[in-house]
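Work through these exercises with the model open beside you. Try each task before you read its solution.

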Amino acid sequence: MQSAAVDTINFKDFDKGAEPFAQALRSLGFDWQIARTDVLKGFFKVHDSSAQLFFRIPAAGSGQGADAPTELSVVSDVWSGVSESLAVIRSKQPGKLIKVRSMQLEGNVLTFTVS
């Protein structure tokens, strides 16, 4: 499984973080069209614990027109899943700097290492 470093990506500001995140996903071979048929899952490993499921993005289907997924909409959904998951992790550890350090892709499963 290939890993991409993402510790420089800003998950608080979509305008700053979205394109670097999309590039990191592409570097792992992520095909955004998988979101049409497969549920995307985001697992997080925090401080060397076992990976836990934090978000799921339902398959979009092969919709046409305005409902059809685009690369931007899929990346945006995943980015939102990451940023919302980080907010949950931070709420459990107030005062600590919580940051995504790397991510891995295996099929429709993204695993993020957080420290």
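Buried means under 20% relative accessible area, exposed means over 50%, and partly exposed is in between. Keep these cut-offs at hand. The model is predicted.

**Exercise 1. Salt bridges**

Task: Find how many salt bridges the structure holds. Then decide whether Glu71 is buried, exposed or partly exposed.

Solution:

Step 1. Count. The structure holds 2 salt bridges.

Step 2. Take the side chains of Glu19 and Arg26. They meet in a salt bridge at 3.2 Å, N to O.

Step 3. Take the side chains of Arg26 and Glu71. They meet in a salt bridge at 3.0 Å, N to O. Arg26 lies in helix H1 (residues 14–27) and Glu71 in helix H2, so this pair ties together parts that are 45 residues apart in sequence.

Step 4. Join the pairs. Salt bridges that share partners make one network of Glu19, Arg26 and Glu71.

Step 5. Check accessibility. Glu71 has a relative accessible area of 28%. That value is not under 20% and not over 50%, so Glu71 is partly exposed. Arg26, with 38%, is partly exposed. Glu19, with 41%, is partly exposed.

**Exercise 2. The two faces of a strand**

Task: Sort the side chains of strand E2 (residues 40–46) by the face to which they point.

Solution:

Step 1. Recall the rule. In a regular strand, side chains alternate between the two faces of the sheet.

Step 2. Apply it to E2. Leu40, Gly42, Phe44 and Val46 point to one face and are buried.

Step 3. Take the others. Lys41, Phe43 and Lys45 point to the other face and are not buried.

Step 4. Test one residue by its value. Phe44 has a relative accessible area of 1%, so Phe44 is buried.

**Exercise 3. Strand partners**

Task: Name the strands that pair with E2, and give the sense of each pairing.

Solution:

Step 1. Look at strand E3 (residues 52–57). E3 pairs with E2 in the antiparallel sense, over 5 bridges. Arg56 in E3 is the bridge partner of Lys41.

Step 2. Look at the link. E2 and E3 form a hairpin with 5 residues between them. His47 in the turn has a positive phi of about 50°.

Step 3. Look at strand E5 (residues 109–114). E5 pairs with E2 in the parallel sense, over 6 bridges. Val109 in E5 is the bridge partner of Lys41. Thr111 in E5 stands opposite Phe43.

Step 4. Go on from E5 to strand E4 (residues 100–106). E4 and E5 pair in the antiparallel sense over 6 bridges. Gln104 stands opposite Thr111 in E5. E4 and E5 form a hairpin with 2 residues between them. Gly107 in that turn has a positive phi of about 65°.

**Exercise 4. Aromatic rings**

Task: Describe how the rings of Phe44 and Phe55 are arranged.

Solution:

Step 1. Choose the two quantities. A pair of aromatic rings is described by the distance of the centres and the angle of the planes.

Step 2. Place the pair among the others. The structure holds 7 aromatic pairs. In the pair of Phe44 and Phe55, the centres are 6.3 Å apart and the planes are at 65°.

Step 3. Classify. Planes over 60 degrees apart count as edge-to-face, so this pair is edge-to-face.

Step 4. Locate both rings. Phe44 is in strand E2 and Phe55 in strand E3, 11 residues apart. Phe55 is buried, with a relative accessible area of 9%.

Step 5. Find the cluster. Phe11, Phe14, Phe21 and Trp79 form one aromatic cluster.

**Exercise 5. A residue in a loop**

Task: Decide whether Phe30 is buried or exposed.

Solution:

Step 1. Place the residue. Phe30 lies in the loop between H1 and E2.

Step 2. Use the cut-off. Phe30 has 11% relative accessibility, so Phe30 counts as buried.

Step 3. Relate Phe30 to Leu110. They are 80 residues apart along the chain, and their C-alpha atoms are separated by 9.5 Å.

**Exercise 6. The largest pocket**

Task: State the space in the largest pocket and the classes of its lining residues.

Solution:

Step 1. Give the volume. The largest pocket holds about 190 Å³ of space.

Step 2. Find the lining. It has 13 residues, and Phe11, Lys12, Arg90, Ile98 and Lys99 are the closest to the centre.

Step 3. Sort by class. The lining has 7 nonpolar, 2 polar and 4 charged residues.

Step 4. Find the main contributor. Helix H2 (residues 71–92) gives the most, with 3 residues.

Definitions and conventions:
Residues are numbered from 1 along each chain as its sequence is written. This is a predicted model: local features need pLDDT of at least 70, side-chain atom pairs count only at pLDDT 80 or more; totals for chains, interfaces and linings use all residues. Side-chain values use heavy atoms; hydrogens and water are left out. On a 1 Å grid over the protein atoms alone, a cavity is a set of points where a 1.4 Å probe fits but cannot get out, and a pocket is an open set with protein on both sides within 12 Å along at least five of seven lines; lining residues have an atom within 4 Å of a point. Grid points are joined across faces, edges and corners, and a volume is the space filled by probe spheres set on the points. Helices (H or I, at least four residues) and strands (E, at least two) are DSSP runs, numbered from the N terminus. Ala, Val, Leu, Ile, Met, Phe, Trp, Tyr, Cys and Pro count as nonpolar, Asp, Glu, Lys and Arg as charged, and the others, Gly among them, as polar. A salt bridge is a side-chain nitrogen of Lys or Arg within 4 Å of a carboxyl oxygen of Asp or Glu. Buried means under 20% relative accessible area, exposed over 50%, partly exposed in between (1.4 Å probe, protein chains only). Two strands pair if DSSP finds at least two bridges between them. Rings of Phe, Tyr and Trp (its six-membered ring) pair if their centres lie within 6.5 Å; planes under 30 degrees apart count as stacked, over 60 as edge-to-face and the rest as tilted.
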